[in-house]
Amino acid sequence: MVTELLFGEGFAVDRAEDEWLYGSCVHDGYPGWCRADGLVGASPPSHRVSALRTFLFPEPDFKRPPLRALSLGARLNVLTERSGYCEIDGGGWVASVAVADLRELADDWAGTASRYVGVPYLWGGRSSLGLDCSGLVQVSLSAAGISVPRDSGDQSEAVGRPLGSSEALRRGDLAFFPGHVAIMVDERYCVNASSDPMAVVIEPLSDLSERMQRREGRGLVVARRID
């Protein structure tokens, strides 16, 4: 798996081979294959899921068996609201408390990333069921209205500006290592999806840097700030 589409995200199809479609994610241009039965037509979204994870119900009733789970950042086109639930285009109801207007931004991406602590590490993942280091950065910044590339190598060149040697790290800065990225929660600690503990964790940046030094032969490569 190279990446994951969240519910409501677009996929531009280039060609089809049997039950598979080749194309790219609309939100970041990332190419790959997906099964044709995983896609449906949809109208432009008006809202997003703001809870870490919530459920889509067949009726506005939490006692009904859910149709599926939706992760933070999933895109929804809300048609109407009733009894504390939002009806979405395509069918189903989501609890209103788990939904936010697309214009409502979560500017503290370090805080958003920290909500995923304990979520399992999953190569290519971007959801609250599992994600990787660059996926965590991408979905956290997306909640703040900031679009970034999918992979950490591209993020290290395109996101924000590099910090000078005299600039101290602060909350929200991105710390890049060989093939890895973390988000600073303060000047000493960072949150990252790591394949070592196989989970999203908050840990001292020094511990992560030492671990990467042992494994990759190099610690912190660059830190970048989104001003």
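This is a chat about a strand, a serine and a pocket in a predicted model.

Visitor: Let's start with β16. Is that strand mostly covered or mostly bare, and how many of its residues are buried?
Guide: Mostly covered: strand β16, residues 180-184, has 5 of its 5 residues buried.

Visitor: Which way do the side chains point?
Guide: His-180, Ala-182 and Met-184 go one way, while Val-181 and Ile-183 go the other. In a regular strand, side chains alternate between the two faces of the sheet.

Visitor: And what does β16 pair with?
Guide: β15, residues 174-177, pairs with β16 in the antiparallel sense over 4 bridges, with Ala-175 opposite Ala-182. On top of that, β16 and β17 pair antiparallel over 2 bridges, and there Met-184 sits opposite Cys-190.

Visitor: What about the turns?
Guide: The β15-β16 hairpin has 2 residues between the strands, and Gly-179 takes a positive phi near 70 degrees in it. From β16 to β17, the hairpin runs through 4 residues.

Visitor: Switching topic: how big is the second largest pocket?
Guide: Its volume is about 280 Å³. It is lined by 21 residues, and Gly-179 is one of those closest to the centre, along with Tyr-121, Trp-123, Asp-132 and Cys-133.

Visitor: Which element gives the most to that lining?
Guide: α4, with 4 residues. By type, the lining has 8 nonpolar, 7 polar and 6 charged residues.

Visitor: Last one: why does Ser-156 count as buried?
Guide: Because its relative accessibility is 18%, and buried means under 20%. Ser-156 is in helix α3, and its side chain reaches the backbone oxygen of Gly-153 at 2.6 Å.

Visitor: What does Ser-156 contact further off in sequence?
Guide: Beyond its neighbours within four places, Ser-156 contacts Phe-176, Val-222 and Arg-224.

Definitions and conventions. Residues are numbered from 1 along each chain as its sequence is written. This is a predicted model: local features need pLDDT of at least 70, side-chain atom pairs count only at pLDDT 80 or more; totals for chains, interfaces and linings use all residues. Side-chain values use heavy atoms; hydrogens and water are left out. On a 1 Å grid over the protein atoms alone, a cavity is a set of points where a 1.4 Å probe fits but cannot get out, and a pocket is an open set with protein on both sides within 12 Å along at least five of seven lines; lining residues have an atom within 4 Å of a point. Grid points are joined across faces, edges and corners, and a volume is the space filled by probe spheres set on the points. Ala, Val, Leu, Ile, Met, Phe, Trp, Tyr, Cys and Pro count as nonpolar, Asp, Glu, Lys and Arg as charged, and the others, Gly among them, as polar. Buried means under 20% relative accessible area, exposed over 50%, partly exposed in between (1.4 Å probe, protein chains only). A polar contact is a pair of N or O atoms within 3.5 Å; within protein, one must be able to donate a hydrogen and the other to accept it, and residues adjacent in sequence count only if both atoms are side-chain atoms. Contact means heavy atoms within 4.5 Å. Two strands pair if DSSP finds at least two bridges between them.
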